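Please examine the structure shown below with its helix packing in mind.

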Amino acid sequence: MDKNQQAIELMKEQKYEEAAGLFNAIIEENPQDPVGYINFGNLLLHINDSERARRFYERAIELDQDAATAYYGLANLYYEASDFPAAQENFLKAIEIGLEEADAFYLLGMTFFHQEQYKLALPYLLRATELNPENIEYLFQYGLSLAQSEHIDDAKPIFQNVLELDDHHSDAHYNLGVIALYEENLSVALDHFNQALAIQPEHALAENAKTQIMNVWNNTEM
């Protein structure tokens with residue numbers, strides 16, 4: 001096991017000071033190798049030292065303009081700081097260079113989602129689901145972006161797929177309930193809202209939607 005791998009293992013074991021010492025030694029031995037800077041940046045980001053992490057990623061990029069994982073590290077840094085335009089720029093750069101990882105596409109899509117640019121999020125979230133089709137969060141956010149983009153018919157089977165993977169996903173039930181309301185199928189909607197509340201009794205949106213349906217039925221009976 002080389003020093004980089006040893007340091008990464010130490011990180012996994014939460015032995016951060018030991019990992020930092022090894023990464024520092026790696027950089028001193030190979031100051032022109034961007035990998036040491038990227039890994040040290042990852043460690044610093046993990047312990048919430050964002051400013052120093054940024055400097056390490058930027059140094060890696062100075063050494064190698066095609067260091068995709070350095071751009072990815074920077075993108076994560078900006079994403080965690082809710083600077084979504086800067087995160088977007090760096091995720092795009094990492095992907096353009098050749099980083100073909102589901103998480104990169106997912107987070108890039110989410111930078112658009114958080115800026116309420118749902119249609120722009122769709123191709124990246126779709127790609128994330130293609131690369132990792134059983135990741136429930138990827139599927140759910142893709143379905144949500146479809147729904148927010150008014151592609152209701154396309155969103156419905158995505159939420160159903162989420163429930164096939166996790167039948168206790170309260171938000172998938174809630175969104176299927178909303179779609180059923182859109183389809184004017186109140187009984188199906190109520191069933192989904194009830195299931196959402198059975199899973200998550202404090203689900204305020206489902207409770208509110210259920211109350212509205214009950215009010216409609218009570219008024220109809222009167």
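The following exchange concerns two helix pairs.

This is a predicted model in which local features need pLDDT of at least 70, side-chain atom pairs count only at pLDDT 80 or more, and totals for chains, interfaces and linings use all residues. Residues are numbered from 1 along each chain as its sequence is written, and side-chain values use heavy atoms, with hydrogens and water left out.

Reader: How are helix 1 and helix 3 oriented to each other?
Author: Helices here are DSSP runs (H or I, at least four residues), numbered from the N terminus. The axes, lines fitted to C-alpha atoms over the stretch in contact, with angles from 0 to 180 degrees between N-to-C directions, cross at roughly 5° for helix 1 (residues 3–12) and helix 3 (residues 34–46). Angles under 35 degrees count as roughly parallel and those over 145 as roughly antiparallel. Helix 1 and helix 3 are therefore roughly parallel.

Reader: Which residues of helix 3 does helix 1 meet?
Author: Contact means heavy atoms within 4.5 Å. From helix 1, the participants are N4, I8 and M11; their partners in helix 3 are V35, N39, N42, L43 and H46.

Reader: How are helix 11 and helix 12 oriented to each other?
Author: The axes of helix 11 and helix 12 (residues 186–199) come within 8 Å and cross at roughly 165°. The arrangement is therefore roughly antiparallel.

Reader: What distance separates the end C-alpha atoms of helix 11?
Author: The expected span is 1.5 Å times one less than the number of residues. For the 13 residues of helix 11 (residues 170–182) this gives 18 Å, which agrees with the end C-alpha separation of 19 Å.

Reader: Which residue just after helix 11 takes a positive phi?
Author: The phi in question is about 60°. The residue is E184.

Key
Helices (H or I, at least four residues) and strands (E, at least two) are DSSP runs, numbered from the N terminus. Angles under 35 degrees count as roughly parallel, over 145 as roughly antiparallel, 65 to 115 as roughly perpendicular and the rest as oblique.
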